[in-house]
Amino acid sequence: MRILVTGATGKLGPHVVTALLRRGQDVRALVRSTARAAVLPPGSEPVIGTFDDSDVLRAEIDAADALFLLTPHGPTMADTQNGLIDLAAKSGTRVVKVSGTSAGIRPDGPDACRQHYDTERHLAAAGVPWVVLRPNGFMQTLLVAMAATVRERGMIANPLGGAGISLVDCADVGEAAAAVLTDPALEGRTYVLTGRTAPTYAQIAAAIQAETGTQVSVVDVTPEQAGQAARARGLSDWEAHHLAEMLALFRSGAAQDVTDDLPSLTGRPARSVPDFVRDHRDLFVR
């Protein structure tokens, strides 16, 4: 099976590519440059181009059995994804779309989630076989950000209060995506992918301390303060606002649900926060 993977060099994409290669698939990976292609797992075929290269995208989507649809967050994300879906509709190419935190996918959700909502509706109406994956927050995003402050200051900032969050490992999402991409019988379904449990930030700090032996304190902040700090670190206004919106959603408890969708696709339990810290211990210690 020939599969075109977009977003192939981000946090999630390489895990999807790796899982597909393990299943013996013909993987084409869209990358901006040959330099970016260096991060791809051996065995995949880089396709040099951007989301503005309509001729490249049209040819690749026409030749693909399935499109893995993942694009960067931003104010024009829905426009980009809807355009790719339209290309897939012309060739009848199956689409597996990565969406966002399920509780936010609604017309009045945070901006990125509203865009995912619009694109999910566009996909359902496009007339092509489709599956939607709604992963919760990535461990590779939130835990890696915590690791930096644990190393530097022995603390993590907590914008969620007492709410938990069922963080999911990108490696697990990659395996789930590969299972869906290689099984055409799975059509018209939406899978909510979560971690095994929904720990609070205090529980995450305790897990980091237990796995590394590093004393970790927890400092309460607001989602707005976290967004302002991100802006000060160089994030764009849209990115900082997106972060604050998502953290406010998480703080409400909307990301605490745990589902069986991921293990039903991968055949094994989702990785836990202690698993991630153990596997990536060097990130958390000096």
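Helices, taken here as DSSP runs of at least four residues, are numbered from the N terminus, and in this predicted model Glu175 has its place in helix H7, which covers residues 170-181. With a relative accessible area of 18%, Glu175 is buried, since buried means under 20% relative accessible area. When residues up to four places away in sequence are not counted, Glu175 touches Ala19, Arg22, Arg23, Thr266 and Arg268. Three arginines, Arg22, Arg23 and Arg268, are thus found among the residues that Glu175 touches.

The protein as a whole contains 13 helices and nine strands. Its radius of gyration is 19 Å, close to the 19 Å that the globule rule gives for 286 residues, and the protein is therefore as compact as a globular protein of that length. The C-alpha trace spans about 55 × 40 × 35 Å along the principal axes. Of the 286 residues, 51% are buried, while the area that the protein exposes comes to about 12,200 Å², with carbon and sulfur atoms supplying 49% of that area. Among contacts with a separation of 6 or more, 76% are accounted for by residues 24 or more positions apart.

With regard to charge, the protein carries 27 positive and 32 negative side chains, and the centres of these two sets lie 4 Å apart. A search of the whole structure finds 14 salt bridges, including one between Glu60 and Arg28, in which the closest N and O atoms are 2.5 Å apart. Because Glu60 lies in helix H3 (residues 54-63) and Arg28 in strand S2 (residues 26-31), this pair ties together parts that are 32 residues apart in sequence. Glu60, at 11% relative accessibility, counts as buried, and Arg28 is likewise buried, with a relative accessible area of 18%.

Another salt bridge is formed by Arg196 and Asp275, whose closest N and O atoms are 3.1 Å apart. Arg196 is located in the loop between strand S8 (189-193) and helix H8 (201-212), and Asp275 in helix H12 (residues 273-279), so that the pair ties together parts that are 79 residues apart in sequence. The two partners fall into separate accessibility classes, in that Arg196 counts as partly exposed at 43% relative accessibility, whereas Asp275, at 18%, counts as buried.

Helix H12 also takes part in a salt bridge between Glu211 and Arg278, for which the closest N and O atoms are 2.9 Å apart. This pair links distant parts of the chain, with Glu211 in helix H8 and Arg278 in helix H12, 67 residues apart. Glu211 is partly exposed, with a relative accessible area of 24%, and Arg278 is also partly exposed, with a relative accessible area of 45%. Salt bridges that share partners join Arg196, Glu211, Asp275 and Arg278 into one network. Within that network, Asp275 is buried, while Arg196, Glu211 and Arg278 are partly exposed.

Key:
Residues numbered from 1 in each chain as written. Predicted model: local features only at pLDDT ≥ 70, side-chain atom pairs only at ≥ 80, totals over all residues. Heavy atoms only, no water. Salt bridge = Lys/Arg side-chain N within 4 Å of Asp/Glu carboxyl O. Helix = DSSP H or I, 4+ residues; strand = E, 2+ residues; numbered from the N terminus. Buried < 20%, exposed > 50% of the residue type's maximum accessible area, 1.4 Å probe, protein only. Rg over C-alpha atoms; globule rule 2.2 N^0.38 Å. Contact = heavy atoms within 4.5 Å. Areas by Shrake-Rupley, 256 points an atom, 1.4 Å probe, with all protein chains shown as cover. Lys, Arg positive; Asp, Glu negative; His and termini not counted. Charge placed at Lys NZ, Arg CZ, Asp CG, Glu CD.
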